[in-house]
Amino acid sequence: MARRNPERRAALVDAAIEVLAREGARGLTFRAVDTEAAVPPGTASNYFANRDDLLTQAGARVYERLQPDEDTIARQRTASPDRETYTQFMRELVGRISSFPTGYLALLELRLEATRRPALRAVLTERVRVDVAHNVTYHESTDLPGDATAVKLLILTLNWLIVEQLTLPDVFSEEERDALITAAVDRIVFP
């Protein structure tokens, strides 16, 4: 029977994210999570049915932590839908994701692991589909320029820019990354 202490569970899932980012999916064990969370050995096994459960919950937690806060959402909803504002939104998005590097790296590890685990693939596929649909719906509800295809192209483009930034940070300077975000918005949304 899984334990129900939500704070302990969150700490264990956050520890799993750190282990995934540092050690990869193969290094994600209950023992490694217990060590990372600084809890007694065997604690993680009391909270998760199995390793797949832990992997799935780690992925869900990353998405939860990457969501913008209410103030950011409110500010974006009232901003003017012009090129400068749109570009600033994309810079903020890249910045928010890049400021949680272990979360994004853990997601990359989960995606790789999903190629070997059909159940995890199904969960991640659904999660990403929901995330893309949410982004398109949000975009349309705020009257921002561009269509659903533009939103999807920006997701794909900026995701790879973030991968470069987190895995090979010296490929592009900060100024080059900023210019690439501007160019992506200009070419995809305002052609």
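This report walks through a predicted protein model, from its overall build to a few individual residues.

## The overall build

Let us start with the whole chain. The protein has 191 residues, and 36% of them are buried. Its secondary structure consists of 10 helices and zero strands, so the pattern along the sequence reads α-α-α-α-α-α-α-α-α-α. Taken along the principal axes, the C-alpha atoms fill a box of roughly 55 × 35 × 30 Å.

How much of the protein's surface is exposed, and what share do carbon and sulfur atoms supply? The exposed area is about 10,800 Å², and carbon and sulfur atoms account for 54% of it. As for the contacts inside the protein, among those with a separation of 6 or more, 67% join residues that are 24 or more positions apart.

## The nonpolar core

The largest nonpolar core has 45 residues, and the members that touch the most other members are Leu20, Leu28, Val33 and Met90. Two or more residues of this core come from each of α1 (6-23), α3 (43-47), α4, α6, α7, α8, α9 and α10 (174-188).

Met90 is a good place to look at contacts one by one. Setting aside neighbours within four places in sequence, Met90 is in contact with Leu154, Leu158, Ile181 and Val185. Two of these names come back with Thr87, a residue of helix α6. Beyond residues up to four places away in sequence, Thr87 touches Ile181, Thr182 and Val185. Is Thr87 buried or exposed? Thr87 is buried, because its relative accessible area is 4%, and the cut-off for buried is under 20%.

## The largest pocket

Next comes the largest pocket, which holds about 1,000 Å³ of space. Its lining is made of 35 residues, and those nearest the centre are Leu93, Ile97, Asp131, Asn135 and Ile155. By class, the lining has 24 nonpolar, six polar and five charged residues.

Which helix gives the most to this lining? That is α9, with 10 residues. The helices that each supply at least two lining residues are α4 (51-66), α5 (70-78), α6 (83-98), α7 (101-114), α8 (118-141) and α9 (148-167).

## Residues with partial or full exposure

A few further residues can be set side by side by where they sit and how accessible they are.

| Residue | Place | Relative accessibility | Class |
|---|---|---|---|
| Glu92 | helix α6 | 22% | partly exposed |
| Asp53 | helix α4 | 22% | partly exposed |
| Arg75 | helix α5 | 39% | partly exposed |
| Pro169 | loop between α9 and α10 | 44% | partly exposed |
| Ala38 | loop between α2 (30-37) and α3 | 69% | exposed |

Glu92 and Arg75 bring helices α6 and α5 into contact. Not counting neighbours within four places in sequence, Glu92 is in contact with Thr72, Arg75 and Gln76. Seen from the other side, Arg75 touches Phe89 and Glu92, again leaving out residues up to four places away. Glu92 can also be placed relative to Arg111: the two are 19 residues apart in sequence, and their C-alpha atoms are 24 Å apart in space.

Asp53 offers another pair to look at. How far apart are the C-alpha atoms of Asp53 and Leu120? They are separated by 9.0 Å, with their positions 67 residues apart along the chain. Apart from residues up to four places away in sequence, Asp53 touches Tyr47 and Phe48.

Pro169, in the loop between α9 and α10, is in contact with Glu164 and Arg177 when neighbours within four places in sequence are left aside. Pro169 counts as partly exposed because its relative accessibility is 44%, and that class runs between the 20% and 50% cut-offs.

Ala38 closes the tour with a detail of the backbone. Most residues other than glycine have a negative phi. Ala38, however, has a positive phi, near 55°. Ala38 sits in the loop between α2 and α3. Why does Ala38 count as exposed? The reason is its relative accessibility of 69%, given that exposed means over 50%.

How values were computed
Residues are numbered from 1 along each chain as its sequence is written. This is a predicted model: local features need pLDDT of at least 70, side-chain atom pairs count only at pLDDT 80 or more; totals for chains, interfaces and linings use all residues. Side-chain values use heavy atoms; hydrogens and water are left out. On a 1 Å grid over the protein atoms alone, a cavity is a set of points where a 1.4 Å probe fits but cannot get out, and a pocket is an open set with protein on both sides within 12 Å along at least five of seven lines; lining residues have an atom within 4 Å of a point. Grid points are joined across faces, edges and corners, and a volume is the space filled by probe spheres set on the points. Helices (H or I, at least four residues) and strands (E, at least two) are DSSP runs, numbered from the N terminus. Ala, Val, Leu, Ile, Met, Phe, Trp, Tyr, Cys and Pro count as nonpolar, Asp, Glu, Lys and Arg as charged, and the others, Gly among them, as polar. Buried means under 20% relative accessible area, exposed over 50%, partly exposed in between (1.4 Å probe, protein chains only). Contact means heavy atoms within 4.5 Å. Accessible areas come from the Shrake-Rupley method with a 1.4 Å probe; for residues, only the protein chains shown count as cover. A nonpolar core is a set of buried Ala, Val, Leu, Ile, Met, Phe, Trp, Tyr and Cys residues joined through side-chain atoms within 4.5 Å.
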